[in-house]
Amino acid sequence: DASEGLVVCDRETVPNALGNVTIIVGNTFEVPATILYVHPMQNFAIIRYDPSLVSLETEPDVTRFEMEESEVPLEPGSQCVFAGYTAQMNLVTQKCTVTMIDRFVPLIMSNPRFIAKNQVFVHIDKLVSNL
């Protein structure tokens, strides 16, 4: 929710509730944020930034967008939009089709830490070649 400054991210990005968090906006500037919630079992965390610090009028190169959650689960044949980064850390989006969904089986780590076990791999039909 951009109007409230809320961001949902994975626990790889925010592994626990202790620490300082900054959000890099548009690959141009950093905004301080606070950790609101880290789910103990699921793979997500919620952080908040001050939306008044991100002014689209003063930063014309920054585009802010919100993603909508789908009510329909992904399955082979579903149409979706891939959002990711290139090797040069440029954001790209591309329409694609889901070809297969696999279950993620994590490796056992020797040191105790959070391991996300509720993840799946979503295979898609095409990607830009420089990701």
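The following exchange sets the computed values for this predicted model against their definitions.

User: What kind of model is this, and how are its residues numbered?
Analyst: The model is predicted, so local features need pLDDT of at least 70 and side-chain atom pairs count only at pLDDT 80 or more, while totals for chains, interfaces and linings use all residues. Residues are numbered from 1 along each chain as its sequence is written, and side-chain values use heavy atoms, with hydrogens and water left out.

User: How many helices and strands does the protein have, and what makes a run a strand?
Analyst: A strand is a DSSP run of E with at least two residues, a helix is a run of H or I with at least four, and both are numbered from the N terminus. The protein has zero helices and seven strands. From the N terminus on, the elements read β-β-β-β-β-β-β.

User: What makes S1 and S4 paired strands?
Analyst: Two strands pair if DSSP finds at least two bridges between them. S1 and S4 are joined by four bridges and run antiparallel, so the pair meets the definition. Val-7 has Ile-47 as its bridge partner in S4, and Val-8 stands opposite Ile-46 in S4.

User: Which sheet do these strands belong to, and why are S1 and S2 called edge strands?
Analyst: The sheet is open, has four strands in the order S1-S4-S3-S2, and is paired antiparallel. Strand S1 (6-9) and strand S2 (21-25) each have a single partner strand, so one side of each is left without a neighbour in the sheet. The twist from one strand to the next averages 40°; axes are lines fitted to C-alpha atoms, for helices over the stretch in contact, and angles run from 0 to 180 degrees between N-to-C directions.

User: What holds for the other pairs of this sheet?
Analyst: Five bridges link S3 and S4 in the antiparallel sense, with Ile-47 in S4 as the bridge partner of Ile-35. S3 and S4 form a hairpin, with six residues between them. S2 and S3 are also joined by five bridges and run antiparallel; in S3, Ala-33 is the bridge partner of Val-21.

User: Why is Ala-45 called buried?
Analyst: Buried means under 20% relative accessible area, exposed means over 50%, and partly exposed lies in between (1.4 Å probe, protein chains only). Ala-45 has 0% relative accessibility, so it counts as buried. Ala-45 lies in strand S4, on the covered face with Ile-47 and Tyr-49, whereas Ile-46 and Arg-48 make up the uncovered one. In a regular strand the side chains alternate between the two faces of the sheet.

User: Which residues does Ala-45 touch, and what makes them contacts?
Analyst: A contact means heavy atoms within 4.5 Å. Not counting residues up to four places away in sequence, Ala-45 touches Val-7, Val-8, Cys-9, Val-14, Tyr-37 and Val-38. The C-alpha atoms of Ala-45 and Arg-11 are 6.1 Å apart, with these positions 34 residues apart along the chain.

User: Is His-39 buried or exposed?
Analyst: His-39 has a relative accessible area of 18%, so it counts as buried. His-39 lies in the loop between strand S3 (29-38) and strand S4 (45-49). Among residues over four places away in sequence, His-39 touches Arg-11 and Phe-44.

User: Which strands form the other open sheet, and why do S5 and S7 stand at its edges?
Analyst: Three strands form an open sheet in the order S5-S6-S7, with antiparallel pairing. Strand S5 (79-85) and S7 each have a single partner strand, so one side of each lacks a neighbour in the sheet. Neighbouring strands here are turned by 65° against each other on average, direction ignored. Strand S6 (residues 91-103) is joined to S7 by five bridges, and Ile-101 stands opposite Val-122 in S7.

User: What makes Leu-74, Ile-101, Val-120 and Val-122 a nonpolar surface patch?
Analyst: Patches are made of residues with over 30% relative accessible area and no salt bridge; like charges are joined within 9 Å, and nonpolar side chains (Val, Leu, Ile, Met, Phe, Trp, Tyr) within 5 Å. A salt bridge is a side-chain nitrogen of Lys or Arg within 4 Å of a carboxyl oxygen of Asp or Glu. Leu-74, Ile-101, Val-120 and Val-122 make a patch of about 290 Å². Val-120 lies in strand S7 (residues 120-124).

User: How many of the residues count as buried overall?
Analyst: Of the 131 residues, 22% count as buried.

Methods:
Areas by Shrake-Rupley, 256 points an atom, 1.4 Å probe, with all protein chains shown as cover.
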